[in-house]
Amino acid sequence: MTPKELGGPKQRQILEVLLLQLGMPVSKDRLVELLWGNRPPAAALQNLESYVSVLRRGLQPGAGRSGPLRTANGGYVMDESAVDLDVHRFQLLVERARRGPAARAYPLWCDALALATAPLLENELCCEWVERQRQLHAAQVLEARISAAEAALELGRHREAVRHARDVLGEDPLHERSWTVLVLGLEAAGHPIEGLQAYDRCRQVLDQELGCAPTIVLRAAYERMLRSTAATGGELGQALSALLVLHGRGGDPEWSSGTQPLLAREEAASVLRAFLGRSLSAAA
């Protein structure tokens, strides 16, 4: 059916409410509240019943009250068995994915996300109940995406884990579970430089927005990537080795205690200054 065949905006909104509550009766009083807020017209109930009659003629011609839109408990309900709705299928897939191990859950998360590629009711006029439903659905999609990222990471599908985590961070830069998946995924995929950059960005965002530091899991990954990159040699490796020395993380027990020989610290500082000087000159 086209929006015109539904009969108008009120009929469309009634249908949207009933579809979002698929299989659950919605009372007439609740529908009146959603349609008109705190200022319903005197004939609100009669108008509502008229709108539902128009909907029935369009949705189930000739079927009367025996079609998918039914009267129930002083209100109306859409028959779950007679309707195939993407948002409902999304919710069912999410429920199944939550109950299974990563190997079984991951394809379910992906199937669910494939059904949620656009905002809920994106063409509907802005009103309070629509906005609440959009926010609720968006939060469910975000949670499904990070759950997919964590499952992919557990299964060793590092590129997919990184992609899902970046999608979440594009919507919520403060989502620390996504930063964890992103950094660990880049580390496991053999991209320590990108992992270090991701960690640094995470550290900045959390510090500026929340006044806190990354978790111990992220800090441990950061140090592992620093050491692995430093061990490769080359100019960057030397600079990172110097940085580790200056921060008391050179790997030697004496350095770890914070009592590095002065000469080693001076040499490390010299290496780091030279590297930064060359980098700044190249950037200029």
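## Exercises on a predicted model

Ser 27 stands opposite Gly 75 in β3. The model is predicted.

**Exercise 1. Work out the strand order of the sheet and find which strands stand at the edges.**

Step 1. Start with β1 (26-27). Two bridges join β1 to β3, and the two run antiparallel.

Step 2. Turn to β2 (residues 69-72) and β3 (residues 75-78). Four bridges link them, again antiparallel. One bridge pair is Thr 71 with Tyr 76 in β3.

Step 3. Assemble the order. The result is an open sheet of three strands, β1-β3-β2, with antiparallel pairing.

Step 4. Read off the edges. β1 and β2 each have a single partner strand, so one side of each is left without a neighbour in the sheet.

**Exercise 2. Describe the turn between β2 and β3, and the helix that lies across these strands.**

Step 1. Take the hairpin of β2 and β3. Two residues lie between the strands. Asn 73 has a positive phi near 50 degrees.

Step 2. Add the helix. α4 (residues 44-59) lies across β2 and β3. Its angle to β2 is about 145 degrees.

**Exercise 3. Check the span of α2 against its residue count, then judge how covered α2 is.**

Step 1. Compute the expected span. At 1.5 Å a residue, the twelve residues of α2 should span 16 Å.

Step 2. Compare. The end C-alpha atoms are 16 Å apart, which agrees.

Step 3. Count the buried residues. Nine of the twelve are buried, so α2 (9-20) is mostly covered. Among them are Gln 11, Gln 13 and Glu 16, alongside Ile 14 and Leu 15.

Step 4. Look just before the helix. Gly 8 is in the loop between α1 (3-6) and α2. Gly 8 has a relative accessible area of 17%; the cut-off for buried is under 20%, so Gly 8 is buried. The C-alpha atoms of Gly 8 and Leu 55 are separated by 9.8 Å, although the two are 47 residues apart along the chain.

**Exercise 4. Identify the helices that build the largest nonpolar core.**

Step 1. Size the core. It has 41 residues. Phe 90, Trp 109, Trp 179, Leu 182 and Val 183 have the most contacts inside it.

Step 2. Assign the helices. α5 (86-98), α6 (102-114), α7 (128-154), α8 (158-171), α9 (176-188), α10 (192-210) and α11 (216-230) each supply at least two residues. The largest share, eight residues, comes from α7.

Step 3. Set the other core apart. A separate core of 26 residues includes Val 17, Leu 18, Val 32 and Leu 85.

Step 4. Inspect one hub. Trp 109 touches residues including Val 94, Ala 97, Ala 144 and Ala 148.

Methods:
Residues numbered from 1 in each chain as written. Predicted model: local features only at pLDDT ≥ 70, side-chain atom pairs only at ≥ 80, totals over all residues. Heavy atoms only, no water. Core = buried A, V, L, I, M, F, W, Y, C linked by side-chain atoms within 4.5 Å. Buried < 20%, exposed > 50% of the residue type's maximum accessible area, 1.4 Å probe, protein only. Contact = heavy atoms within 4.5 Å. Expected span 1.5 Å × (residues − 1). Pairing = 2+ DSSP bridges. Axes fitted to C-alpha atoms, helices over the stretch in contact; angles between N-to-C directions. Lists of a residue's contacts leave out its neighbours within four places in sequence.
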